[in-house]
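Colleague: I am new to this structure and would like a close look at a single part. Please take one strand and work outward from there.

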There are 2 protein chains.
Amino acid sequence: MSRTKPGRRLVHETWGDHAALLARHEGGRDGSVGLVTPQVIDVATPNDPLVLESGERVPHVAVAFETYGELDASGRNAVLVCHALTGSAHAAGRHDAHDVPGWWDPLIGPGKAIDTRRSFVVCSNVLGGCYGTTGPTSLDAQSGHPYGPDFPRFTIRDMVTVQRRLQDALGVRSWRAVIGGSMGGMQALEWALMHPDAVKGIVAIAIGARHSAWAIGLNEVARRAIMADPAWQGGRYPLERQPEDGLGLARAIAMLSYRSYDSLEAKFGRERRPADADALSSSFEIASYLSYQGVKLVRRFDANTYIGLTRAMDEHDIAAGRGRLDEVLGRVRATALVMGIPSDVLYPEVEQRRLVEALPSARYERLVSPHGHDGFLIEYPQLAAHLRRFLTDLEG
Amino acid sequence: MSRTKPGRRLVHETWGDHAALLARHEGGRDGSVGLVTPQVIDVATPNDPLVLESGERVPHVAVAFETYGELDASGRNAVLVCHALTGSAHAAGRHDAHDVPGWWDPLIGPGKAIDTRRSFVVCSNVLGGCYGTTGPTSLDAQSGHPYGPDFPRFTIRDMVTVQRRLQDALGVRSWRAVIGGSMGGMQALEWALMHPDAVKGIVAIAIGARHSAWAIGLNEVARRAIMADPAWQGGRYPLERQPEDGLGLARAIAMLSYRSYDSLEAKFGRERRPADADALSSSFEIASYLSYQGVKLVRRFDANTYIGLTRAMDEHDIAAGRGRLDEVLGRVRATALVMGIPSDVLYPEVEQRRLVEALPSARYERLVSPHGHDGFLIEYPQLAAHLRRFLTDLEG
């Protein structure tokens with residue numbers, strides 16, 4: 001390892017030394033934010049309810065979040081990191097010694113691309129989530145039961161409104177950058193339009209200005225898979241007996257769209273499992289992989305939440321109610337870094353190109369990856385190089 | 001219409017005059033094979049059972065087929081057209097005045113690309129199908145009930161074995177060409193390897209030498225959707241109460257892979273239905289379209305059949321049991337026409353390129369289409385031009 005002194009800046013985060021980066025990360029001493037404590041605060045109360053885009057009111061909203069680094073006296077060194085569909089506020093570090101690192105840990109920490117010595121980094125679970133922020137699994141004070149399918153419909157803009165309240169509560173004057181991939185990138189784009197004075201830069205990765213028919217269609221079949229499960233019960237399932245088969249199948253469908261023809265071919269091809277124990281399912285490894293991905297998600301996620309979040313994604317259209325798309329993008333004042341992945345079949349590069357062409361101040365960086373959409377959770381050396389450069393420019 | 005005299009060869013089947021071709025086709029006078037009569041014959045009986053690749057025996061196999069044109073004295077002017085997953089033997093003409101034309105009607109008829117004045121055209125429903133050939137919906141003489149999930153596992157090679165018996169029954173000495181797209185293309189490739197003396201040319205459209213992990217994964221989630229339906233009952237559903245929701249969802253998933261990002265965006269974008277009658281489903285037009293496609297298939301197809309045929313597709317690997325893939329392809333003696341569609345996400349062009357590179361005598365033609373995999377059922381002027389040229393060359 002070339003980097004041993006804490007405090008020395010990383011100079012090796014170039015395309016190709018992924019293994020070195022991960023090895024250093026796994027060492028857990030240098031560059032890690034270390035143990036972090038999840039926090040929860042109330043940002044809406046019956047006296048000050050959250051008013052959704054629909055006009056509906058949510059009387060109580062708690063937000064789960066984590067912070068890394070320190071807010072400086074100006075209140076302007078903050079970076080907001082926004083998670084994707086099944087993510088959480090746990091972006092970096094570990095909750096305890098046995099915890100797995102946060103979902104973007106290789107990018108966030110002292111000396112890392114999102115440098116916690118220079119920035120106060122915030123990540124919060126979105127409105128409607130199931131990792132601590134108020135959502136379908138939360139108790140509805142009026143009924144005394146979890147909201148379930150009665151949780152009000154909400155949008156990406158509503159997520160941003162909740163984050164805006166968190167910003168105020170934390171004393172953040174403005175964000176140096178709002179950063180996210182996929183659904184997180186939707187939030188970054190909305191931040192730039194909803195609160196132009198509060199955002200200096202945005203980073204939108206593997207996402208477009210509005211959800212395509214293709215992406216909506218994929219979400220639709222996933223939701224139908226959940227609702228077709230007899231355990232769905234119109235969404236009124238007990239939390240301990242959720243529609244596991246349906247949610248698992250929804251995840252399996254989505255996983256195909258998160259990967260790519262090439263990456264699945266390289267990893268699985270026509271490999272088979274040694275024995276075909278269950279005659280109902282295929283003996284191909286790819287079938288086993290998809291099944292396993294479903295089981296993994298079911299253990300950590302909630303079906304009503306999956307439905308609510310995918311609906312919010314489908315509503316994503318930064319032009320909605322604002323005007324013509326290119327004209328709306330032309331109003332953005334924040335500096336933008338847009339990243340796309342050539343093998344992404346879910347949000348193909350045509351969507352990022354459109355963003356870059358219409359945004360007044362945008363740079364495009366391509367993430368070279370065979371892994372499709374999931375590249376934004378895999379290609380750390382490239383992500384690190386582009387994020388570091390962008391954030392350093394914004395500090396000036 | 002430029003073409004009025006029957007018998008005059010088409011000269012306008014160039015890229016761009018799709019509307020003219022369809023208009024002429026819909027006119028129903030020129031170029032149509034007219035009314036056709038479905039036929040059924042037995043090709044396996046208890047005394048001469050069908051022996052499957054697995055070694056299992058099927059005591060009785062009936063084959064449903066149609067023929068257009070006349071077999072000449074040589075017995076060598078025959079063309080076999082092979083259908084795809086949910087297709088049937090009804091490739092051309094109409095069964096009666098109210099019938100919709102066969103699935104490749106614009107390509108088959110007097111003066112058309114597959115010219116029934118020059119060729120004896122045969123199309124049969126595949127083994128395991130539900131359009132008249134023996135399959136899961138057929139009566140199992142031993143049990144007295146439909147086979148259902150007990151229909152033996154079969155492969156693309158088994159389909160070809162059944163077609164081979166049909167060939168003998170019809171007195172066809174050899175096929176001028178065996179032609180198919182998607183699952184039909186799998187059959188064409190197997191014909192060239194299983195019966196090299198019986199095939200002069202093959203046309204494989206939008207298909208590869210073996211099923212990819214990606215394609216297997218898509219079939220797997222579709223099968224899981226069927227099996228997750230409570231009406232599935234382990235496949236032992238009464239034929240009049242099949243798992244409609246599951247089969248419909250399977251079709252919706254598959255439809256996404258048959259189309260493309262661009263075609264769905266152009267056709268549906270973010271359009272919505274006027275009213276959101278059912279709060280459970282999305283109000284986007286794409287959701288309605290996918291649902292409708294599912295309902296349409298359920299009315300005309302069988303769930304056990306869908307599962308059996310997709311399993312056969314997943315087993316498709318022309319190298320299986322034969323050697324190294326490129327070496328196996330190198331053994332093919334038939335002249336090949338391979339067509340691919342750049343927007344096909346299910347069987348991308350990389351698969352057709354591999355075929356063309358390894359086949360000793362192959363020409364590649366690209367079908368320019370925004371419609372993805374389904375282009376082989378849409379791009380008639382291009383298909384016609386390439387097929388006509390190929391078949392004319394083979395006549396020489």
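Modeller: What follows starts from one strand of chain B and then moves to the parts around it and to the contact between the chains. The model is a predicted one.

The strand is S13 of chain B, residues 335-340. Six of its six residues are buried, so S13(B) is largely enclosed by the rest of the structure. The cover is on both faces. On one side the buried residues are Thr335(B), Leu337(B) and Met339(B). On the other side they are Ala336(B), Val338(B) and Gly340(B).

Next come the strands that pair with it. Strand S12 of chain B, residues 199-205, runs parallel to S13(B) and is joined to it by five bridges. Within this pairing, Ile202(B) stands opposite Ala336(B), and Ala204(B) stands opposite Val338(B). Strand S14 of chain B, residues 362-366, also pairs with S13(B) in the parallel sense, over five bridges. Here Leu337(B) has Arg363(B) of S14(B) as its bridge partner.

The chain gets from S13(B) to S14(B) by way of a helix. S13(B), helix H10 of chain B (residues 349-358) and S14(B) make a right-handed β-α-β unit.

The helix with this number in chain A can be described by what it buries. In H10 of chain A, residues 349-358, the buried residues are Glu351(A), Gln352(A) and Leu355(A). Seen down the axis of H10(A), these residues fall within an arc of 95°, so they line one face of the helix. A general rule is useful here: an α-helix has 3.6 residues a turn, so residues three or four places apart point the same way. The cover over the buried residues of H10(A) includes strands S12 (199-205), S13 (335-340) and S14 (362-366) of chain A, along with helix H9 (325-330).

Back in chain B, S12(B) deserves its own description. Six of its seven residues are buried, and the strand is mostly covered. Besides its bridges to S13(B), S12(B) is joined by six bridges to S11(B), and these two strands run parallel. One of the pairs across them is Trp175(B) with Val199(B), the latter in S12(B). S11(B), H3(B) and S12(B) make a right-handed β-α-β unit.

Between strand S11 (175-181) and helix H3 (183-194) of chain B lies a loop that holds Ser182(B). Ser182(B) has a positive phi of about 60°, although it is not a glycine. As background, most residues other than glycine have a negative phi. Ser182(B) has 25 other C-beta atoms within 10 Å, and a residue counts as buried at 20 or more, so Ser182(B) is buried. In chain A, Ser182(A) sits in the loop between strand S11 (175-181) and helix H3 (183-194). Its phi is positive too, at about 55°, and Ser182(A) is not a glycine either. Ser182(A) counts as buried, with 25 C-beta neighbours inside 10 Å.

Two other loop positions of chain B can be set beside this one. Val33(B) is in the loop between helix H1 (18-27) and strand S1 (39-44). Val33(B) is buried, with 22 other C-beta atoms within 10 Å. Leaving aside residues up to four places away in sequence, Val33(B) touches Tyr68(B), Ala92(B), Gly93(B), Ile108(B), Gly109(B) and Thr116(B). Ser283(B) is in the loop between helix H6 (261-267) and helix H7 (285-300) of chain B. With 16 C-beta neighbours inside 10 Å, Ser283(B) counts as partly exposed.

Last, the two chains together. In all, 37 residues of chain A are in contact with 37 residues of chain B. Four helices of chain A each supply at least two residues of the side that touches chain B: H4 (213-227), H5 (244-258), H6 (261-267) and H7 (285-300). H4(A) gives the most to this side, with ten residues. By type, the residues on this side of chain A divide into 23 nonpolar, five polar and nine charged.

How can chain A be laid on chain B? A turn of 180° with a shift of 0.0 Å along the axis does this, with an RMSD of 0.0 Å. The two copies are thus related as by a two-fold rotation axis. The same surface serves both copies, as 100% of the contact residues of chain A recur in chain B.

Technical notes: Residues are numbered from 1 along each chain as its sequence is written. Chains are lettered from A and ligands numbered from 1 in the order in which they are written. This is a predicted model: local features need pLDDT of at least 70, side-chain atom pairs count only at pLDDT 80 or more; totals for chains, interfaces and linings use all residues. Two residues are in contact if their C-beta atoms, placed from the backbone, lie within 7 Å. Ala, Val, Leu, Ile, Met, Phe, Trp, Tyr, Cys and Pro count as nonpolar, Asp, Glu, Lys and Arg as charged, and the others, Gly among them, as polar. Copies are superposed by least squares on the C-alpha atoms of residues with pLDDT of at least 70 in both. A residue is buried if 20 or more other C-beta atoms lie within 10 Å of its own, exposed if 12 or fewer, and partly exposed in between; C-beta atoms are placed from the backbone. Two strands pair if DSSP finds at least two bridges between them. A crossover is right-handed if, with the strands pointing away from the viewer, the path from the first strand over the helix to the second runs clockwise. The arc is that of the directions from the helix axis to the C-beta atoms.
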